[in-house]
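Dear colleague,

I am passing a structure on to you, and below it you will find my notes on what came out of going through it. Please read them alongside the coordinates.

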Amino acid sequence: MGTIWRPSLEHGQGPKYKAVIATIREGIETGALKEGDKLPPVRDLAWTLQITPGTVARAYTMLTESGALVAEVGRGTFVASKAPAREPDGPIEIDVIAHQTQRLDDHYNVNMFSPHLPSGGQAALIRQLLAEVAQEPASGIMHYPSRIGAKPAREAVVRWLTGTPLGAFGESDIVLSHGGQHALLLTFQAILQGRRPTILIEELAYPGFRRAAELLRADVIPLAMDADGVIPDAMEEAARNHDAQIFCTSPEVHNPTGSFTPVARRNELVRVARKYDIQIVEDDCYRMRVQRAPTYRMLAPERGWYISSLAKILTPSLRIGYAIAPEGRTPDLRRVAEYNCFGLATPLIDLCAKLLAHPQIDTLAENTRQGFNAYVQSAVNILGGYDVSWRPNVPYLWLRLPKGWRAGAFCQAAEAQGVQIRSAEEFVSRDARAPHAVRMAVNAGVSLESYEAAILRLRQLLDNPPEQLSV
């Protein structure tokens, strides 16, 4: 019969959590606790030792971070294997984690509707942090979310945004949301007034702008664009003829074309917005933490609203986003968020605080960016010779179709070849004319080889347009 582990607090007179750590380590060293052994639940061990559950949870967390223990969500805490752990600051390989609708062994069908992130280690880290939150939730489990309780999460967002050209802001200016789309809705609600307000958008734009406007019974006016973004004269004409209250735009990474609005053009659009008292809402969800130009909040601090999320660089599953109002408008945005949903769920608040402040987070974001770039580079090499727009650090490509192809027919032919892509029609207003173009997102939920094979099938379609004579 082996040695039985009998926990006690006979190790020193310092903080009790250190005594718990020493007790567990001694049990592992003497063999009383073996690899794979399950430790008592936090509350059971706390009752045995006559200490608080929080003290035990802290000891478990520190032992988990050091690699002595392993926490598994829904199962408990176990003694870890003695196999050497990977250094936390070392290189992290990019894993292929299939989309929910995609099997890893399906090497043919590839969904390119929306970007699917590569996992550069964030999946494992999020699982670990979820276990820590479950053991000792800083915000509690029996309370409504509160501004005080969410302060660490807002501080973590400020740290995450370090280097982003936003102008002056602090943690009190951050309003957390359930993803970027929710942040967009909150921002629209904080701004719009009157019975039939108008929102100005780019003529090719993320469909979520129109969906949010429809929910709030606002009219949407698309604005003509050129290679640098919205044409200032088009914006001014629309402002003269409509009750335009918001100009909604994605200047850093335009969706769907991937283009970029230079600073000079942004300043021209700011001039028009000031002349007609229009608020500027910037959706920056696709910025991969690579800075090119100041945001509208910096260029026009009195009317620039900023929106982003973790969906495109860490994971879309958590639905964590945030919005920052212009100077003096934070109370309006905060009030809308509180009236709308009281705030994020407290476990998500605690997770956000841990995740965005974690020492590995910058490395994980860089791994995601590099993983996307590998797929984009392969696609560009295969599609060479065709009119395709792309940029490093942008997880999709914009393909203008050659003569002989219309967007709808090309998407149908692509789907018959196991490839799902988006037509330009999905990014324009209902009555607008769409260019014959398609958007192809990176799907790192399939192997690079499978992705390349899918792009090759698209190339074969491009090389062989349908030859039909209609009368």
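**Salt bridges and their surroundings**

Arg274 counts as partly exposed, because its relative accessibility is 41%. Please keep in mind throughout that this is a predicted model. The partner of Arg274 is Glu302, with which it forms a salt bridge whose closest N and O atoms are 2.8 Å apart. Since Glu302 lies in the loop between helix H10 (296–299) and strand E11 (304–309), while Arg274 belongs to helix H9 (residues 263–275), the pair ties together parts that are 28 residues apart in sequence. Glu302 is likewise to be described as partly exposed, because its relative accessibility is 32%.

This contact is one of 19 salt bridges that the structure holds. Another is found in helix H13 (residues 361–382), where Arg369 and Glu366 are 3 residues apart and therefore separated by about one helical turn. Their side chains meet in a salt bridge with an N to O distance of 2.5 Å. The two partners fall into separate classes of accessibility: Arg369 has a relative accessible area of 17% and is buried, whereas Glu366, with a relative accessible area of 27%, is partly exposed. The cut-off that decides this is 20%, because buried means a relative accessible area under that value.

Salt bridges that share partners also join Glu252, Arg266, Asp284 and Arg287 into one network. Within it, the side chains of Arg287 and Asp284 meet at 2.4 Å, N to O, and both of these residues are buried.

**The chain as a whole**

The protein chain has 471 residues, of which 51% count as buried, and it contains 15 helices and 17 strands. Its C-alpha trace spans about 90 × 55 × 30 Å along the principal axes.

**An open sheet of four strands**

Which strands make up the open sheet, and in what order? The order is E13-E14-E17-E16, and the pairing is antiparallel. E13 and strand E16 (422–423) stand at the edges with a single partner strand each, so one side of each is left without a neighbour in the sheet.

Going through the sheet in that order, strand E13 (residues 387–389) is joined to E14 by 3 bridges, the two running antiparallel, and Ser389 has Trp398 in E14 as its bridge partner. E13 and E14 form a hairpin with 6 residues between them, and in the turn Asn393 has a positive phi of about 75°, which you may wish to look at in the display. Strand E14 (residues 396–400) is mostly covered, with 4 of its 5 residues buried.

On the way to the other edge, E14 pairs with strand E17 (residues 437–441) in the antiparallel sense over 5 bridges, and Leu399 stands opposite Val438 in E17. E17 in turn pairs with E16, again antiparallel, over 2 bridges, and here Arg422 stands opposite Arg439 of E17. As a general reminder for viewing these pairs, side chains in a regular strand alternate between the two faces of the sheet.

**A parallel pair and a buried phenylalanine**

Elsewhere in the chain, strand E5 (residues 198–202) is mostly covered, with 5 of its 5 residues buried. E5 is joined by 5 bridges to strand E6 (residues 219–223), and these two run parallel; Ile201 stands opposite Pro222 in E6.

Pro222 also serves as a reference point for Phe247, which is found in strand E9 (residues 244–249). The C-alpha atoms of Phe247 and Pro222 are separated by 9.9 Å, the two residues being 25 residues apart along the chain. Is Phe247 buried or exposed? It counts as buried, because its relative accessibility is 0%.

**A negative patch on the surface**

Finally, Asp228, Asp233, Glu237 and Glu268 form a negative surface patch. Of these, Asp233 has its place in helix H8 (residues 232–241), and it counts as exposed because its relative accessibility is 58%.

With best regards

Notes: Residues are numbered from 1 along each chain as its sequence is written. This is a predicted model: local features need pLDDT of at least 70, side-chain atom pairs count only at pLDDT 80 or more; totals for chains, interfaces and linings use all residues. Side-chain values use heavy atoms; hydrogens and water are left out. Patches are made of residues with over 30% relative accessible area and no salt bridge: like charges are joined within 9 Å, nonpolar side chains (Val, Leu, Ile, Met, Phe, Trp, Tyr) within 5 Å. Accessible areas come from the Shrake-Rupley method with a 1.4 Å probe; for residues, only the protein chains shown count as cover. A salt bridge is a side-chain nitrogen of Lys or Arg within 4 Å of a carboxyl oxygen of Asp or Glu. Lys and Arg count as positive and Asp and Glu as negative; His and the chain ends are not counted. The place of a charge is taken as NZ of Lys, CZ of Arg, CG of Asp or CD of Glu. Buried means under 20% relative accessible area, exposed over 50%, partly exposed in between (1.4 Å probe, protein chains only). Two strands pair if DSSP finds at least two bridges between them.
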